[in-house]
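Hi,

Here's the structure I promised to pass on. Have a look, and my notes on the rings and domains follow below.

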Amino acid sequence: MNITVMDLSTVQLLTDFAYIIAIAFFVLSLKWLSTPATARRGVLVGEIGAALAVVTTFFNPELVQFQWVLIALFAGAIVGIPLGLVQMTAVPQRTALSHAFGALAAALIGISEYYKGISSTPPLTKFEMVEIAMEVIIGSLSFTGSLIAAGKLQEWLPQRPIVYKGQNYVSFSVLGAAVLSALVLMFNPTVPFLFPAMVVISLLFGVMLVTPIGGADMPTVIALLNSYVGLTAALLGFVLNSKVLVVAGALDGSSGFILAVVMCKAMNRSFTNVLFGAFGQLQVTAKAAQEERTVHTATPEEAAAILASANTVLIVPGYGMAVAQAQHKVRELLDVLTKKGVDVKFGIHPVAGRMPGHMNVLLAEADVPYDKLVEMDAANSEMPQTDVALVIGANDVTNPAAKTDQGSPIYGMPIIEVDNARTVMVIKRSLNPGFAGIDNPLYYIDKTMMLFGDAKAFVSSVVKELTGGGE
Ligand code: NAP
């Protein structure tokens, strides 16, 4: 391409303008993603912003070898398309893999900038070396940390926390070694083998950071790693002098951090507890295991009769509804009960399911109107006036032990207090525990009826009964 000096400044102006538009789209995307009513628009605008930023980069006059970019785009699409088509329940591990790839890309660019920098004149300044080192350290540890998180969520690696005595000292010494290497490199960037050693140490630290954390905390860890990857991208933006990368990285980093804080709050956990607490091991309490307790059960016919005679029903969906893919049947239940004059609402717990917003996404997919969804606090204040709380595949988020049992690992976690409703019905396949691996006393109280079965099949039978198809 023959670009004159005049052309170059025009191209620069246009690309800067396009990047500002892309940045505006990213900000709007996050704003719209914050409520279900505008979330689809938020996704679309974010995608357009990302596409605009990528296309604009092709007009960068420094880009001379297009073929490598095209090969990388093609290879990325081959990996990315199947990753985008995974089941909804596998989205947390898919997200962890995306973070791993993002972190790897950032770390590799940082590595190439280092080798370019030490062989050029003038050589790397102290500031540039620190930027590169921080970017490569965080990128490398986020890469291996995200891989471990994905492996745990996919159950390729043990879910339980892998811990040993003095672990935190060993881990922090390893991190300290990486930081020390960066400091030495700042004063002398060409110390032989120190830079590759720093990369290896950082990769190792990523593994050591995530292996001691239980599978139950992986979604929070992913949000945290997301913020690290955002930070890496922002640092990379400084290294490459790319404003769009600085802003996109900062948005990604801060939103990931806020998400992790929101998740910790919803589970009443602190960051230190998530990172060092070894939570999430299967632990049915000894008392629960020993006691022979009775539960009340009901058939689909009985459940249908109770629901039809109620004035108000609050449905509390959870992970089991996602696994059973029962959301469309649940929508049918909403329609048929509404036709019968029952006031039906959905109580949404912030960490129901396996990722933030999991229930909102599923219910939106089934076209459940947004005004039918109430947040946890509103649901709890309406609970005493609710005739039936219908729990569909939720467990931990309704567990009263979180309020009463100080010894419980979920003690203090805010729950949807279905036990305050007049009648409770719980659809699940057995009395098995949920994600936190703990027993749920809700199932043994007098007002609770267990509706044993797969969520989709059970709701389907109830709908049939209500529409007269079950006779
Ligand atoms: P949960 O406590 O994991 O319980 C889900 C229940 O669904 C299980 O007890 C299971 O019981 C039932 N189930 C599974 N397959 C089913 C099917 N086909 N039909 C009917 N029921 C089925 O789920 P939750 O109440 O939604 O709580 C979420 C948990 O994940 C919390 O502990 C939360 O802290 C944790 N977590 C969530 C996030 C997030 O971002 N959402 C992040 C971190 C951690 P059966 O086996 O007896 O059927």
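How many aromatic pairs does the count come to by the ring rule? The count comes to four aromatic pairs, where rings of Phe, Tyr and Trp (its six-membered ring) pair if their centres lie within 6.5 Å, with planes under 30 degrees apart called stacked, over 60 edge-to-face and the rest tilted.

One of them is F58 with F66: the ring centres are 5.8 Å apart and the planes at 10°, so this pair is stacked. F58 is buried at 19% relative accessibility, while F66 is partly exposed at 25% (buried is under 20% relative accessible area, exposed over 50%, partly exposed in between, with a 1.4 Å probe and protein chains only).

Then there's Y115 with F195, an edge-to-face pair at 5.9 Å centre to centre and 85° between the planes. It links distant parts of the chain, 80 residues apart: Y115 is in helix α4 (residues 91–118) and F195 in helix α7 (residues 194–210). Helices here are DSSP runs of H or I, at least four residues, numbered from the N terminus. F195 is buried at 1%, Y115 partly exposed at 40%, and Y114 joins these two in one aromatic cluster.

Two arginines sit over rings as well: R293 over Y444, 3.7 Å from the ring centre, and R354 over Y319, at 3.6 Å. That means CZ of Arg (or NZ of Lys) within 6 Å of the ring centre and within 35 degrees of the ring normal.

Some housekeeping: this is a predicted model, with local features needing pLDDT of at least 70 and side-chain atom pairs 80 or more, while totals for chains, interfaces and linings use all residues. Residues are numbered from 1 along each chain as its sequence is written, and side-chain values use heavy atoms, leaving out hydrogens and water.

Cheers

How values were computed. Helix = DSSP H or I, 4+ residues; strand = E, 2+ residues; numbered from the N terminus.
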